[in-house]
Amino acid sequence: GLSYPFDLGTSVGKNKDLYQFSTYLQWTVFEAFRMPALALRTSMSRLSGTTLGTVHSFSSEAILSWGFTYLSAYAGLGYAFNKLSSMPEESKVTDNWLSRNEKLGLLFHLAPSNIILAIETNLTGKQRMFTSKLALLL
């Protein structure tokens, strides 16, 4: 993370021909001991290698979380502007759309405390996705 109350994150992934890159900046507006926290997040992502082309997404969301000793629960609501640039370049077509994003998740702080297991469900438009990730905090 950056100097409190800002956090910066980046994700890179590859699966066969698909490439994914995303980054976010989060500002924790309010955080107190034994109280819910409120954060605002903005992010961008790029997914390439699909048969349709490349998708760019730019999103903003508000996240409400409540942390306990080894567990944090959170919920988020936001919107994303998405742009599809089709392939091949000769028949370039673009499509733009706005989507609503809803998320619910749990963070488990494992021992030692710099290892986190996250489980999340995300609803974007009509598409529901379940994810889990293991993170090492530096």
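**Strand pairing and residue environments in an eight-stranded sheet**

Strands E4 (residues 53-67) and E5 are joined by 15 bridges and run antiparallel. This pairing belongs to a predicted model. The link between E4 and E5 is a hairpin, with three residues making the connection. Two partnerships illustrate how these strands are matched. Gly-67 has Ser-72 of E5 as its bridge partner. Ser-65 lies opposite Tyr-74, also in E5.

The pairing of E4 with E5 is part of a wider arrangement. The protein chain contains zero helices and eight strands. Read from the N terminus, the elements follow the pattern β-β-β-β-β-β-β-β. The eight strands form an open sheet in the order E1-E2-E3-E4-E5-E6-E7-E8, and the pairing is antiparallel. Strand E1 (6-15) and strand E8 (127-136) are the edge strands, each pairing on one side only. On average, neighbouring strands of this sheet are turned by 20 degrees against each other, with direction ignored.

Strand E5 also pairs with strand E6. Here E5 covers residues 71-86 and E6 covers residues 94-110. The two strands run antiparallel and are joined by 15 bridges. Ala-73 has its bridge partner in E6, namely Leu-106. Leu-77 is likewise bridged to a residue of E6, in this case Glu-102.

On the other side of the chain order, E4 is paired with strand E3. Strand E3 spans residues 37-48, and its antiparallel pairing with E4 extends over 11 bridges. Ser-43 is matched with Ser-59 of E4. The hairpin of E3 and E4 has four residues between the strands. In this hairpin, Gly-49 adopts a positive phi near 95 degrees.

A positive phi also occurs at Lys-16, where the value is near 55 degrees in a residue other than glycine. Lys-16 sits in the loop between E1 and strand E2 (18-30). Lys-16 counts as exposed because its relative accessibility is 70%, and the cut-off for exposure is over 50%.

Three residues show the range of environments: Lys-16 is exposed, Phe-6 is partly exposed and Ser-57 is buried. Phe-6 belongs to strand E1. Its relative accessibility is 39%, so Phe-6 falls into the partly exposed class. Phe-6 and Leu-40 are 34 residues apart in sequence, and their C-alpha atoms are 9.8 Å apart in space.

Ser-57 is located in strand E4. Its relative accessible area is 15%, under the 20% limit, and Ser-57 is therefore buried. Apart from residues up to four places away in sequence, Ser-57 touches Ser-43, Met-44, Ser-45, Phe-81 and Asn-82. Ser-57 and Ser-22 are 35 residues apart along the chain, with 9.0 Å between their C-alpha atoms. In a regular strand, side chains alternate between the two faces of the sheet.

Values for the whole chain complete the description. The C-alpha atoms fill a box of roughly 55 × 30 × 30 Å along the principal axes. The protein chain has 138 residues, and buried residues make up 24% of them. Among contacts with a separation of 6 or more, 30% involve residues 24 or more positions apart. The accessible surface of the protein chain is about 9,800 Å². Carbon and sulfur atoms account for 65% of that surface. The chain carries 12 positive and 9 negative charges, and the mean positions of these two sets are 4 Å apart.

Methods. Residues are numbered from 1 along each chain as its sequence is written. This is a predicted model: local features need pLDDT of at least 70, side-chain atom pairs count only at pLDDT 80 or more; totals for chains, interfaces and linings use all residues. Side-chain values use heavy atoms; hydrogens and water are left out. Buried means under 20% relative accessible area, exposed over 50%, partly exposed in between (1.4 Å probe, protein chains only). Contact means heavy atoms within 4.5 Å. Accessible areas come from the Shrake-Rupley method with a 1.4 Å probe; for residues, only the protein chains shown count as cover. Lys and Arg count as positive and Asp and Glu as negative; His and the chain ends are not counted. The place of a charge is taken as NZ of Lys, CZ of Arg, CG of Asp or CD of Glu. Two strands pair if DSSP finds at least two bridges between them. Axes are lines fitted to C-alpha atoms, for helices over the stretch in contact, and angles run from 0 to 180 degrees between N-to-C directions.
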